[in-house]
Amino acid sequence: MSAIVKPMITLKEICTEAETIRLTNQNSLGDKIVSDIYVNAEIIASLAVTRKISEKPSLDSRLDDILTSRLFGFPIMLLLLSTVFWLTITGANIPSEMIGNALFAFQDQLVLWFNLAGAPDWLTGVLVLGMYRSLAWVVAVMLPPMAIFFPLFTLLEDLGYLPRIAFNLDNMFKKCQACGKQILTMCMGFGCNAAGIVACRIIDSPRERLIAVLTNNFVPCNGRFPTLIAIATIFMGGIVASEYQTAIASLVITILVMLGIAITFAVSWALSHTILKGETSSLVLELPPYRKPQIGAIIYRSIIDRTIFVLKRAMIMAAPAGAITWILANVYIGELSMIAHLAAWLQPLGYAIGLDGFILLAFILGLPANEIVVPILLMSYLSSGQILEVDSLNQLREILISQGWTWLTAVCTLLFCLLHWPCTTTLLSAYKETGSKKWTLLTFLIPTVIGFAVCFTVAQSARLLGLV
Amino acid sequence: MDKLSIEEHRRMLREHFGITTTPGQFTVALAGNPNVGKSTVFNALTGLHQHTGNWPGKTVDNAQGSFTYLDSSFLMVDLPGTYSILAHTVEEQVARDFICFGKPDATLVVLDATCLERNLNLALQVMEITPKVIVCVNLMDEAVKKNITINITALQKELGVPVIPTAARNGIGLGDLRHALYEMSIGLALTNPRQIRYSSEVETAIQELAPKISRCIGHTLSPRWVALRLLDGDQAFIDSITHYLDLENTLQELAV
């Protein structure tokens, strides 16, 4: 009985026939099939479900009416975002200073012990002034803001607000012919761009996934947030009376984030109209019910999964980078240290885009991790022999001003921090996800070119108009 | 000739879906829309006997868990949460290929009682592929809160497959669910799954194609359903079907 009967008709022929039927129906059978399924489901449901209509719409739908309305959706989003930043900046100031004081006091102690043990100067330099000091900086500057920002962000996530953001922005992504889910990968990017790029897997269409990968870096990751927060607080906040300082700083950061998002849209639009042309795929976006947040889970997820994880990675990167910077700053060729030589060489380019050679060098040396840009910058500024203790933001301000910083330097540093090359981890993730050197190179080039262009325009126009 | 032997089935599962069953173990596929408590059902039934990985060659998560009921062992495969299995996304394709070619002994479709109408789409689509379907109406407690009453008897009569109401979070209905899976797997449950009635032009086209399809591929797959996929112009499905049928033929030739 188990003889295999040769089919009289092959699958291929049937496919051709099906194709003919499909085309004679103007390709509409697929849509018909879907709508027929719905009709059948509707009939069955109507026979089995009775729904007592309550007079009042549920709390969820009333909330959704407000949070996703055309009128209030965006303002509420902005308000929540700036509140989160404001809380982060206000809350982080004092613990930052305390941790800074403690860690730098310990540094003096370490130097003392090294001297007692008869360690040579270069060893003390590399280990304490190089490695330990950058570690101390990373911890003091990054830990408090992260420990506040991440729980707040996770709280929004847990409440069910993030899908509403996606809903609000979906239309704009459609207009850029990108996928609405891209906003979720951007949200991940706030935590870490490398994680954001891995999250792009949730986008099904390869074209839209590439757009999301290429633009993820325009969302400032939390390695860049401390830099943004520190510079915004001391410079932008510094122009006004101290009671408005944090408010102005949060506003500046919110504007920067908005700028990042605007550039994301612009670049997505440009990509989908040039090298990544194609149809926009549709998606079903379900708004899950608002949930009571689980405080324990929020704290665990944000502190263990995010804060500690990111901090650990930053420290692993910062220690060797600190040592290398110290060596560069203390090995002299002729009159100047190596770092001064490099900075002098970069000075014309740095000046043209509103920075200086040291800042540009710090961004370049910060390629392994954005967290260490400020520590590297300070170390190279301070390398000229006089060792200053930097244990408060005010002292940081003094140092920067003594190095010739103006408001324009601050603005351009902020802009360049938002718009420059991704860190190596992010590039590596992009390479793994796209599997192509070409797209990885573009992930590097697009933000870099935009960063140089924007900073150049801002710096040159400010100078032409005589504002500096 | 239509049926694969048990050994061939195990080999198919291992080689194509990365699923290893113990001899005599039943496979159960778990399907459902996102956010219907599918994972809660999965965890409640399998407890800590779980194992996660990826579907072979896909970046889609695959969780498997096992449980024992009345001396029978079951391997439950948690399919990705999807709104349909018309295969517009990788997740949908993974879910559909497993239900269709993995030939599980039972497919459990979890529905959300608070929006049954939308959820029924998936159940109807699964019922087009296989008659071994059990429908689980979950979140019954939520439905009560929202003043929604569901007539389970009427639903079962309409669908023609067993319907089990549950509130998996509170552990309600899980015993019935296990029993239904057991009866379905050992072949005790008789089903008559309701078939979707399509508009006339679609039905005419099906009549045209279905007989030819059944002559070509036999009854391993529902000819009606294959016809629908071809009419939908689903290239991914044509690739899948060629791939899997080739494999079945080789397995059968080996067996002869």
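Which strands of chain B does helix 2 (residues 38–46) of chain B lie across? In this predicted model, residues are numbered from 1 along each chain as its sequence is written, and chains are lettered from A in the order in which they are written. Local features need pLDDT of at least 70 and side-chain atom pairs count only at pLDDT 80 or more, whereas totals for chains, interfaces and linings use all residues.

Helix 2 of chain B lies across strand 1 (26–32), strand 2, strand 3 (61–69), strand 4 (72–78), strand 5 (106–112) and strand 6 of chain B, and runs at about 40° to strand 3 of chain B. Here helices (H or I, at least four residues) and strands (E, at least two) are DSSP runs, numbered from the N terminus; angles run from 0 to 180 degrees between N-to-C directions, and axes are lines fitted to C-alpha atoms, for helices over the stretch in contact. Chain B holds ten helices and eight strands. Of its 256 residues, 45% are buried (20 or more other C-beta atoms within 10 Å of the residue's own, with C-beta atoms placed from the backbone).

An open sheet of seven strands in chain B follows the order 2-3-4-1-5-6-8, with mixed pairing; two strands pair if DSSP finds at least two bridges between them. Strand 2 (50–54) and strand 8 (163–165) of chain B are the edges, each pairing on one side only. Strand 6 (residues 133–138) and strand 8 of chain B run parallel and are joined by three bridges, with B:C136 partnered by B:I164.

Turning to the interface, 38 residues from chain A and 44 residues from chain B take part in the contact (C-beta atoms, placed from the backbone, within 7 Å). On the side of chain A that touches chain B, helix 2 of chain A gives the most, with 14 residues. Strand 1 of chain A also meets strand 7 (residues 148–150) of chain B, running antiparallel through three bridges, and A:V49 stands opposite B:I150.

Helix 2 (residues 29–48) of chain A packs against helix 4 (residues 116–129) of chain B at an angle of about 120°, with axes 8 Å apart. These two helices are therefore oblique to each other (outside the ranges under 35 degrees, roughly parallel; over 145, roughly antiparallel; and 65 to 115, roughly perpendicular). Among the residues making this contact are A:I37, A:Y38 and A:A41 of helix 2 of chain A and B:L116, B:L120 and B:L124 of helix 4 of chain B.

Technical notes. Contact = placed C-beta atoms within 7 Å. Buried ≥ 20, exposed ≤ 12 C-beta atoms within 10 Å, placed from the backbone.
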